[in-house]
Amino acid sequence: MNELQPLLLTVAALLATVLASRVIVRRQVRRLADWLRLSRTGEPPPPPPTRAGALMNPLIREAEALAKDLAKAQESAVQEARLRSQADALWTAERLRGHVHAKLAGRPLVVVANREPYRHAHSGSKIEVVMPASGLVTGLEPLLRACGGTWIAHGDGDADRETSDENGRLKVPPENPQYALRRVWLSDEEDKGFYSGFSNEGLWPLCHIAHTRPVFRPDDWARYREVNAKFAEAVFEEIEGQTEPCVLVQDYHFTLLPSLIKERRPDARVALFWHIPWPNPEAFAICPWQKELLHGLLGADLIGFHTQDHCNNFLDTVDRVLESRVDRARFAVKRAGHETLVKPFPISVAFPETPAREPAAAARAAREKVLRAAGREDEFIAVGVDRLDYTKGILERFRGVERMLDLYPEYQGRVVLFQIGAPSRMALAGYRDFGEAVAAEAARINARFKGPPPIVVLSRHHSHDELKPYYLAADACLVTSLHDGMNLVAKEFVAAREDERGVLILSRFAGAARALRDALIVNPYDADAVAEALRTALAMKPDAQSLRMVRLRREVRENNIYRWSANLITELAAVRLPAGV
Ligand code: ADQ
């Protein structure tokens with residue numbers, strides 16, 4: 001027995017080991033099976049099973065790889081199904097045209113905006129036509145092109161009179177006329193008080209929380225009222241003899257127009273779209289004529305903002321300032337028997353539906369082109385595209401670039417920011433000074449670093465065709481507005497990136513940040529945050545860029561400018577006019 005004892009003990013130990021291994025292995029296999037089952041059913045990926053020694057490791061590694069492939073396949077199947085079911089729902093110019101014709105049922109569409117879509121100007125012995133740098137023009141032109149109608153605007157080009165008829169009318173676009181442009185003529189004094197003064201020194205800073213004081217002068221207010229009345233006359237002429245016309249008024253230049261139109265033409269359906277933010281009631285109360293502005297606006301049947309926050313601020317302001325009934329469940333204001341609906345319509349851009357044949361090659365060519373034009377050989381390209389306006393956070397952007405080069409000196413001499421800045425509102429000293437401040441800040445920063453200057457400022461208007469190579473060439477696009485209704489540059493960048501590369505750095509204070517969640521969202525006042533975002537963007541692997549860009553592109557494609565126009569027109573056409581008007 002004694003001789004057998006070691007043998008029995010060994011056998012027992014072996015059996016125990018085998019049994020224990022079986023239990024461990026069985027448990028691991030069960031966990032592995034559970035994990036695979038969960039991955040297969042598309043649950044959120046559970047943590048991989050803990051390793052059970054060398055025996056199971058190869059199997060677990062294979063299972064991990066399999067689960068990852070499965071997750072990817074599931075994601076693309078879901079994406080494909082979503083795209084398939086949305087293919088019908090995508091808005092195109094063609095679809096918008098049919099939709100608007102059906103909704104308006106022959107009623108004319110009139111758009112009123114201060115900015116004209118085409119300005120004629122003398123250039124030597126020739127007359128040139130320019131499409132101004134303006135988010136409003138970018139947003140509205142596709143609607144008029146698709147649906148026809150009349151755009152009423154201030155004719156401020158020095159060759160505008162000689163290119164329109166005696167009533168200020170002409171057909172545009174010049175190369176392929178699709179709608180009517182009706183120009184309104186303003187004297188220098190009117191332009192100064194209405195546009196530069198009340199609109200741009202008063203209402204613009206009032207509504208943008210960018211810490212520039214609004215200036216309200218009684219004379220400017222008088223001009224503002226006169227010019228609103230002048231535009232109302234132009235509207236009456238354009239809708240004369242038409243029943244139930246639809247009038248789409250644009251922006252803060254025309255707060256008084258809705259009431260003026262409705263008083264004389266109660267059968268008109270009137271909407272006003274506000275392109276800039278609406279501040280909180282305390283900030284708005286700075287304006288000495290806040291009651292008159294609100295009264296003017298509430299003549300509209302529909303008021304649109306980019307975001308729900310701006311709608312809420314507007315309703316709060318009305319509630320605080322005027323005798324009225326604010327219906328927060330329906331987002332409506334009732335006043336003296338008239339109802340105004342207040343809704344968000346996030347504006348967008350047209351999305352190219354015929355993709356480039358070789359988008360990656362196009363991006364490479366664009367890169368070579370913009371670098372060659374600047375005589376540079378940088379490894380990384382960042383771009384900023386703005387009107388030269390203090391709300392766009394251009395100086396803050398420069399400081400972010402400077403900080404990045406300080407924190408990560410290995411990037412010095414390897415990265416360039418092309419800042420494309422269209423001169424804007426040059427009649428105002430504040431804007432001229434700002435243009436100079438931009439140049440001076442770039443020079444200060446450039447002087448600090450050896451080698452090619454990190455910031456190149458291109459201060460001139462660029463056509464959309466000229467802008468595109470910069471969007472395409474960029475590793476990062478910086479949109480660092482201090483406050484912005486939406487910001488279309490962010491969406492233009494995304495729409496341009498058919499190669500699904502490039503990173504969008506976006507201010508949290510731009511309306512666009514609500515929907516473009518796959519951008520790197522920053523506080524532009526925080527130079528460290530901008531620097532870190534830029535570094536992250538430049539170091540981001542192509543796969544990670546692509547993941548974000550694909551999602552951004554889906555968002556902009558589905559919510560394009562045609563959808564914006566369709567929603568606005570649908571709401572406007574659905575307005576119920578009081579019986580007997
Ligand atoms: P903007 O303040 O004009 O618009 P944004 O939305 O960024 O701002 O649009 C600017 C437009 O001008 C873009 O289409 C851009 O391509 C163009 N642009 C900028 N710089 C240019 C340059 N150097 N040369 C040529 N074109 C240039 C206002 C509000 C925004 C809102 C829009 C639309 O302030 O918040 O998004 O209206 O509602």
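This passage describes the ligand site and two sheets of a predicted model.

The ligand is surrounded by 28 residues, of which T138, H275, H462, D484 and E492 come nearest. By class, the residues of this shell divide into twelve nonpolar, ten polar and six charged. Both domain 1 (105–348 + 565–573) and domain 2 (359–559) contribute residues to the shell, and the ligand therefore lies between the two domains.

Oxygen atoms of the ligand take part in several polar contacts with the protein. A side-chain contact is made by T138, with a polar atom 2.8 Å from an oxygen atom of the ligand. K392 also contributes a polar side-chain atom, at 2.9 Å from an oxygen atom of the ligand. In the case of G485, a polar backbone atom is involved, and the distance to an oxygen atom of the ligand is 3.0 Å. On its own the ligand has 710 Å² of accessible area, and the protein covers 97% of this area. Two or more residues of the shell come from each of the helices α4 (135–147), α14 (464–473) and α15 (488–496), and likewise from each of the strands β13 (380–387) and β14 (415–422).

Two open sheets were examined. One consists of ten strands with mixed pairing, arranged in the order β5-β6-β4-β1-β7-β8-β9-β12-β11-β10. Its edges are formed by β5 (169–172) and β10 (325–327), each of which pairs on one side only. Direction ignored, neighbouring strands of this sheet are turned against each other by 20 degrees on average. Within the sheet, β1 (residues 109–112) runs parallel to β4 (residues 150–154), and the two strands are paired over three bridges. Residue V112 has I152 of β4 as its bridge partner.

The other sheet is built from six strands in the order β15-β14-β13-β16-β17-β18, and its pairing is parallel. Strands β15 (455–458) and β18 (520–522) are the edge strands, pairing on one side only. For this sheet, too, the average turn between neighbouring strands is 20 degrees, direction ignored. Three bridges join β17 (residues 503–507) to β18 in the parallel sense. The bridge partner of S507 in β18 is V522. Strands β13 and β14, which are part of this six-stranded sheet, are also among the elements that give two or more residues to the shell around the ligand.

Terms used. Residues are numbered from 1 along each chain as its sequence is written. This is a predicted model: local features need pLDDT of at least 70, side-chain atom pairs count only at pLDDT 80 or more; totals for chains, interfaces and linings use all residues. Side-chain values use heavy atoms; hydrogens and water are left out. A residue is near a molecule or strand if one of its heavy atoms lies within 4 Å of it. A polar contact is a pair of N or O atoms within 3.5 Å; within protein, one must be able to donate a hydrogen and the other to accept it, and residues adjacent in sequence count only if both atoms are side-chain atoms. Accessible areas come from the Shrake-Rupley method with a 1.4 Å probe; for residues, only the protein chains shown count as cover. Helices (H or I, at least four residues) and strands (E, at least two) are DSSP runs, numbered from the N terminus. Ala, Val, Leu, Ile, Met, Phe, Trp, Tyr, Cys and Pro count as nonpolar, Asp, Glu, Lys and Arg as charged, and the others, Gly among them, as polar. Domain bounds come from an automatic or database domain assignment. Two strands pair if DSSP finds at least two bridges between them. Axes are lines fitted to C-alpha atoms, for helices over the stretch in contact, and angles run from 0 to 180 degrees between N-to-C directions.
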